[in-house]
Amino acid sequence: MDSIEIYTSKKKSILLVIGSIAFVALGVWLLMEADNLSGWRARNPMVTKGIGLASMLFFGFGMIAGIKRLIKSEIALIIGPKGISVNPKKLPYEFVKWEDILEFEEIKIHSTRILIIGVKNPEHWVEKETHGIRKKLMQFNVNNYGSPFNIGASGLQISAKELKETLQRYFEKYKNNKL
């Protein structure tokens, strides 16, 4: 078996862009109409303007990210004979050898399927991380799911079921190989 590269999904990026455009438009409307609204908002138009501005900023960044992914699909995962490279473009050091993997577990959070990569010594990966926010996220994952690595297939070109089957097939074939 050769290596498999899994990219982000263009279809799902289109949905992200469309949703972001809608929320940016809502934010613009709230910002412009804050003084003219009736009800609870009329008592404090600054809160309404703040919500509108926050919506524009947050979903504006989502729109930019979605457009970037539409223009050029990003590689999200590489599965090969030696192991798995999680986020290979952004974090090249996050290569997990098959011998360091214990299992793959699937969980659902609000109907979103997430694949947990169970690894030996999960704290090692957290300590290795130098970026503060990413380190906190990894520690959160270790505390709640027992592993610093999880993969949400919702943004990938592959379904969660296919991803789990592919990972399991490679794991079974290469887990005892010392390449």
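Start with the largest nonpolar core (buried Ala, Val, Leu, Ile, Met, Phe, Trp, Tyr and Cys residues joined through side-chain atoms within 4.5 Å; buried means under 20% relative accessible area, with a 1.4 Å probe and protein chains only). It holds 28 residues, and those touching the most other members are Ile84, Trp98, Ile101, Phe104, Ile117, Leu163 and Leu167. Colour helix 6 (160–174) next: six core residues come from it, the largest share. Other elements giving two or more include strand 5 (101–109), strand 6 (112–119) and helix 5 (132–145). Helices (H or I, at least four residues) and strands (E, at least two) are DSSP runs, numbered from the N terminus.

This is a predicted model, so local features need pLDDT of at least 70 and side-chain atom pairs 80 or more, while totals for chains, interfaces and linings use all residues. Residues are numbered from 1 along each chain as its sequence is written, and side-chain values use heavy atoms, leaving out hydrogens and water.

Now click Trp98. Among its contacts (heavy atoms within 4.5 Å), not counting residues up to four places away in sequence, are Ile84, Phe104, Leu167, Tyr170 and Phe171.

Hop to Ser13, in helix 1 (residues 10–33). Ser13 is buried, at a relative accessible area of 0%. What does Serine 13 touch, not counting residues up to four places away in sequence? Gly66, Arg69 and Leu70.

Follow Gly66 into helix 3 (45–71), where Thr48, Gly52, Ser55, Gly60 and Gly62 are buried too.

Finally, zoom out: the C-alpha trace spans about 70 × 30 × 30 Å along its principal axes.

Key:
Buried < 20%, exposed > 50% of the residue type's maximum accessible area, 1.4 Å probe, protein only.
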